[in-house]
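Please open the structure in your viewer and keep the sequence panel visible. This tour proposes a series of selections and states what is found at each.

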Amino acid sequence: MLNKNDLKQIFDTYYEALVQYANRFLTFKEECEDLVQDIFVDIWEKENTFPDEVSLKSYLYKATRNKCYNVIKHNKVKDKYALNAIQLLEDDNLFLKQILEEEVTRQLYKAIEVLPKRKKQIIKLSLKGLKNNEIAETLHIKVQTVKTLKSQSYKILRNQFKHLSTIIYLLIA
């Protein structure tokens with residue numbers, strides 16, 4: 001088992017070389033420094049022991065390479081996500097569609113709030129994905145009552161949104 005002095009000596013001996021090695025794969029030196037420091041923390045926490053200096057060197061360089069690989073993989077995922085987000089932001093048609101969907105959804109929830117209590121409960125549970133029998137069980141009423149009240153609620157909501165009937169129908173049908 002390594003003591004603090006042994007670990008400090010290993011750190012002082014290999015730290016800069018490992019940072020330089022990591023910097024061959026990664027762009028930012030600070031990221032490389034953090035990565036190498038993490039390796040030494042891992043050695044300390046796991047109480048690793050090495051039979052000789054060759055095993056130690058091998059471990060340090062392989063650990064550095066593997067951590068660099070993990071960072072690169074993670075960055076690739078982040079870059080892909082960022083690119084997708086940029087494309088979404090740049091697509092004006094999609095932007096307008098999203099605004100319209102958000103506004104219709106906001107208006108729909110506002111309209112749901114003025115429904116009678118039982119109808120409001122049924123519609124909200126339905127929008128959460130519950131089936132008629134689940135709604136009936138939750139509210140302790142008959143399935144037929146759920147179907148009737150849901151149908152009446154949809155009729156009320158459709159009448160309130162005649163000018164947006166096609167869009168609202170797609171959202172609640």
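The tour begins with the whole chain and then turns to single helices and residues.

**The whole chain**

The model is predicted: local features need pLDDT of at least 70, side-chain atom pairs count only at pLDDT 80 or more, and totals for chains, interfaces and linings use all residues. Residues are numbered from 1 along each chain as its sequence is written, and side-chain values use heavy atoms, with hydrogens and water left out.

Select the protein chain and display it as a cartoon. Its secondary structure consists of 8 helices and 0 strands; here helices (H or I, at least four residues) and strands (E, at least two) are DSSP runs, numbered from the N terminus. Read from the N terminus, the order of elements is α-α-α-α-α-α-α-α.

Now switch to a surface display. The accessible surface of the chain is about 12400 Å², and carbon and sulfur atoms contribute 54% of this surface. Such areas come from the Shrake-Rupley method with a 1.4 Å probe, and for residues only the protein chains shown count as cover. Of the 173 residues in the chain, 27% are buried. Buried means under 20% relative accessible area, exposed over 50%, and partly exposed in between (1.4 Å probe, protein chains only). Among contacts with a separation of 6 or more, 56% join residues 24 or more positions apart; contact means heavy atoms within 4.5 Å.

**Helix H1**

Select residues 4–23, which form helix H1. The expected span of a helix is 1.5 Å times one less than its number of residues. For the 20 residues of H1 this gives 28 Å, and the end C-alpha atoms are 27 Å apart, which agrees.

Where does H1 bend? Centre the view on Tyr14, where H1 bends by about 45°. The bend at a residue is the angle between axes fitted to the seven residues ending there and the seven starting there.

Next, colour the buried residues of H1: Leu7, Ile10, Tyr14, Tyr15, Leu18, Val19, Tyr21 and Ala22. These buried residues pack against H2 and helix H3 (53–90).

**H1 against H2 and H3**

Two packed helices are described by the angle between their axes and the distance between the axes. Axes are lines fitted to C-alpha atoms, for helices over the stretch in contact, and angles run from 0 to 180 degrees between N-to-C directions.

Show H1 together with H2 (residues 29–46). Their axes come within 9 Å and cross at roughly 145°. On the H1 side, the residues making this contact include Lys4, Phe11 and Glu16, while those of H2 include Cys32, Phe40 and Trp44.

Then replace H2 with H3. The axes of H1 and H3 are 10 Å apart, at an angle of about 35°. Among the residues in this contact are Ala17 and Tyr21 of H1, and Leu60, Tyr61 and Cys68 of H3.

**Residues around H1 and H2**

Select Asn23, which is found in helix H1. Asn23 is partly exposed, with a relative accessible area of 29%. Apart from residues up to four places away in sequence, Asn23 touches Phe28, Lys29 and Cys32. The C-alpha atoms of Asn23 and Glu33 are separated by 8.9 Å, and the two residues are 10 apart along the chain.

Move to Val41 in helix H2. Val41 counts as partly exposed because its relative accessibility is 40%. Measure from its C-alpha to that of Leu7: the distance is 9.6 Å, although 34 residues separate them in sequence.

Continue to Phe50, in the loop between H2 and H3. Residues up to four places away in sequence being left out, Phe50 touches Ile43, Ser55, Leu56 and Tyr59. Its C-alpha atom is 9.0 Å from that of Leu2, which is 48 residues away along the chain.

**Two further stops**

Is Ser126 buried or exposed? Select this residue in helix H5 (residues 117–127). Ser126 is buried, with a relative accessible area of 15%. Beyond its neighbours within four places in sequence, Ser126 contacts Ile135, Lys150 and Tyr154.

Finally, select His140, in the loop between helix H6 (132–139) and helix H7 (143–160). With a relative accessible area of 72%, His140 is exposed. Most residues other than glycine have a negative phi. The phi of His140, however, is positive, near 60°.
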